[in-house]
Amino acid sequence: MACEDRCDIMCTIPMAKDSYASSFNVSCAASILMYEVQDREMCKNMQAPGIWRLHI
């Protein structure tokens with residue numbers, strides 16, 4: 001059975017075109033994914049006007 005057949009969701013993490021790396025290791029990819037999920041959840045819960053989303 002292929003890896004894709006066992007997954008509930010497939011996602012990609014975009015990388016800079018001029019990067020010397022061609023992929024992320026598992027721990028790096030997992031930390032990026034967890035940060036993004038947390039960031040989206042926080043933004044979804046911010047309903048008060050005037051709250052700015054900071055991108056670092």
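**View 1. A salt bridge joins the side chains of glutamate 36 and arginine 40.** In this predicted model, the side chains of these two residues, glutamate 36 and arginine 40, meet with a distance of 2.7 Å from nitrogen to oxygen, and the structure holds 1 salt bridge. Both glutamate 36 and arginine 40 belong to helix α2, which covers residues 26–45, and they stand 4 residues apart, about one turn of the helix. Glutamate 36 is partly exposed, its relative accessible area being 30%, whereas arginine 40 is exposed, with a relative accessible area of 56%.

**View 2. The largest pocket is lined by residues that include glutamate 36 and arginine 40.** About 170 Å³ of space lies in this largest pocket. Its lining includes Cys11, Thr12, Ile13 and Pro14 from one part of the sequence, together with Ile32, Leu33, Tyr35, Glu36, Val37 and Arg40 from another. When the lining residues are sorted by kind, 7 are nonpolar, 1 is polar and 2 are charged.

**View 3. The cysteine sulfurs form 0 disulfides.** For cysteine 3, the closest cysteine sulfur belongs to cysteine 7 and lies 4.2 Å away, which is too far for a bond because a disulfide needs the two sulfur atoms within 2.5 Å. Cysteine 3 counts as exposed, with a relative accessibility of 54%. For cysteine 11, which also appears in the lining of the largest pocket, the closest cysteine sulfur is again in cysteine 7, at 9.1 Å, and this too is too far for a bond.

**View 4. The whole protein contains 2 helices and 0 strands.** Helix α2, made of residues 26–45, is the one that carries both glutamate 36 and arginine 40. Of the 56 residues of the protein, 2% count as buried, a class that requires a relative accessible area under 20%. The protein exposes about 5,700 Å² of surface, and carbon and sulfur atoms supply 59% of that area.

Methods
Residues numbered from 1 in each chain as written. Predicted model: local features only at pLDDT ≥ 70, side-chain atom pairs only at ≥ 80, totals over all residues. Heavy atoms only, no water. Buried < 20%, exposed > 50% of the residue type's maximum accessible area, 1.4 Å probe, protein only. Areas by Shrake-Rupley, 256 points an atom, 1.4 Å probe, with all protein chains shown as cover. Salt bridge = Lys/Arg side-chain N within 4 Å of Asp/Glu carboxyl O. 1 Å grid on protein atoms, 1.4 Å probe; cavity = no way out; pocket = protein on both sides within 12 Å on 5 of 7 lines; lining within 4 Å. Points joined across faces, edges and corners; volume = space filled by probe spheres on them. Nonpolar A, V, L, I, M, F, W, Y, C, P; charged D, E, K, R; others polar.
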